[in-house]
Structure formats: structure tokens, C-alpha cells
Amino acid sequence: MAAPTEIRLRRAERCLDIRYEDGQSFTLRAEYLRVESPSAEVQGHGPGQKKIVSGRRAVGILRIEPVGHYAVRLVFDDLHDSGIYTWDYLHTLGREQAKRWAAYEAELAARGLSRDPPARSR
């Protein structure tokens, strides 16, 4: 997969716009990118070990850091920063966004979890 021709962070909207040479473009919300992080913390170390990350509805992206000529590291405001998002992975996330998001919401519901962060105790 070729590198994107444009990656634009829209902080206020908490999303990332990505455009590729083939004309495809995607808008990926920070929450979606966070819960689908390619990090071992989220994906585990092998098949079937993916963790469900809940409570990230309001997560934002603080910055984007280039990783060579093949990827970026996203630094989220919940301080998660260990995922390396390759161009291929970002493209896959864009193409499969509807399917992956539906599966995520179904898994949250099945586990009784929420996209909202837990309420703070006073």
C-alpha cells in the first residue's frame, strides 16, 4: 500500500482524515482508532487475545508522529501511544470501518460495557 497523500488531524472533531493516491479517503474517529489500536495492549500477542477497550467515547488525539516511511504513531489524550499504524492498517480500518464498529458495539453490549468513561466518584 502506498503512503497516504494527506493525513489531517481535526482535533475539535476528534478525527483523522486520510486520503490515498487511489482516490480513496476516510474519516476515522479517534475513539475508533483507539479501540482498534494495533498495539499488543489492545490486540494481545496472538490470535483470539484482542481486548475490548471501553469508556473511550471522548478520547482525542494529541499528536501524530511519523514512523519511517511506512506508518505513524498516534498519541491519544488518555496517554495510549504504543500502536504503530501502518499505511496498510489505516487503509484497512477505513475500508472495514462499518463492520468493525458494529462488531465493537455488539461486543460492548454483550459484556455490559459502555463507550462512556466510568463516572468519577466524589
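This report describes the fold, the overall dimensions and the nonpolar core of one protein chain.

The structure is a predicted model, and its protein chain contains four helices and six strands. When the chain is read along its sequence, these elements follow one another in the pattern β-β-β-α-α-β-β-β-α-α. The radius of gyration is 14 Å, close to the 14 Å that the globule rule gives for 122 residues, so the protein chain is as compact as a globular protein of that length. Along the principal axes, the C-alpha atoms fill a box of roughly 45 × 35 × 25 Å.

Of the contacts in the protein chain with a separation of 6 or more, 45% are made by residues 24 or more positions apart. Among the 122 residues, 37% count as buried, while the chain exposes about 7200 Å², of which carbon and sulfur atoms supply 49%. The chain carries 20 positive and 17 negative charges, and the mean positions of these two groups lie 4 Å apart.

In soluble globular proteins, nonpolar side chains tend to be buried together. In this model the largest nonpolar core has 24 residues, and those that touch the most other members are Leu 28, Leu 33, Leu 74, Phe 76, Tyr 85, Leu 90 and Leu 93. The elements listed below each supply at least two residues of this core.

| Element | Residues |
|---|---|
| Strand E2 | 15-19 |
| Strand E3 | 25-29 |
| Helix H1 | 30-35 |
| Strand E5 | 71-76 |
| Helix H3 | 87-95 |
| Helix H4 | 97-111 |

Leaving aside residues up to four places away in sequence, Phe 76 touches Ala 30, Leu 33, Arg 34, Val 59, Gly 60, Ile 61, Leu 62 and Tyr 85.

Terms used
Residues are numbered from 1 along each chain as its sequence is written. This is a predicted model: local features need pLDDT of at least 70, side-chain atom pairs count only at pLDDT 80 or more; totals for chains, interfaces and linings use all residues. Side-chain values use heavy atoms; hydrogens and water are left out. The radius of gyration is taken over C-alpha atoms; the globule rule is 2.2 Å times the number of residues to the power 0.38. Buried means under 20% relative accessible area, exposed over 50%, partly exposed in between (1.4 Å probe, protein chains only). Contact means heavy atoms within 4.5 Å. Accessible areas come from the Shrake-Rupley method with a 1.4 Å probe; for residues, only the protein chains shown count as cover. Lys and Arg count as positive and Asp and Glu as negative; His and the chain ends are not counted. The place of a charge is taken as NZ of Lys, CZ of Arg, CG of Asp or CD of Glu. A nonpolar core is a set of buried Ala, Val, Leu, Ile, Met, Phe, Trp, Tyr and Cys residues joined through side-chain atoms within 4.5 Å.
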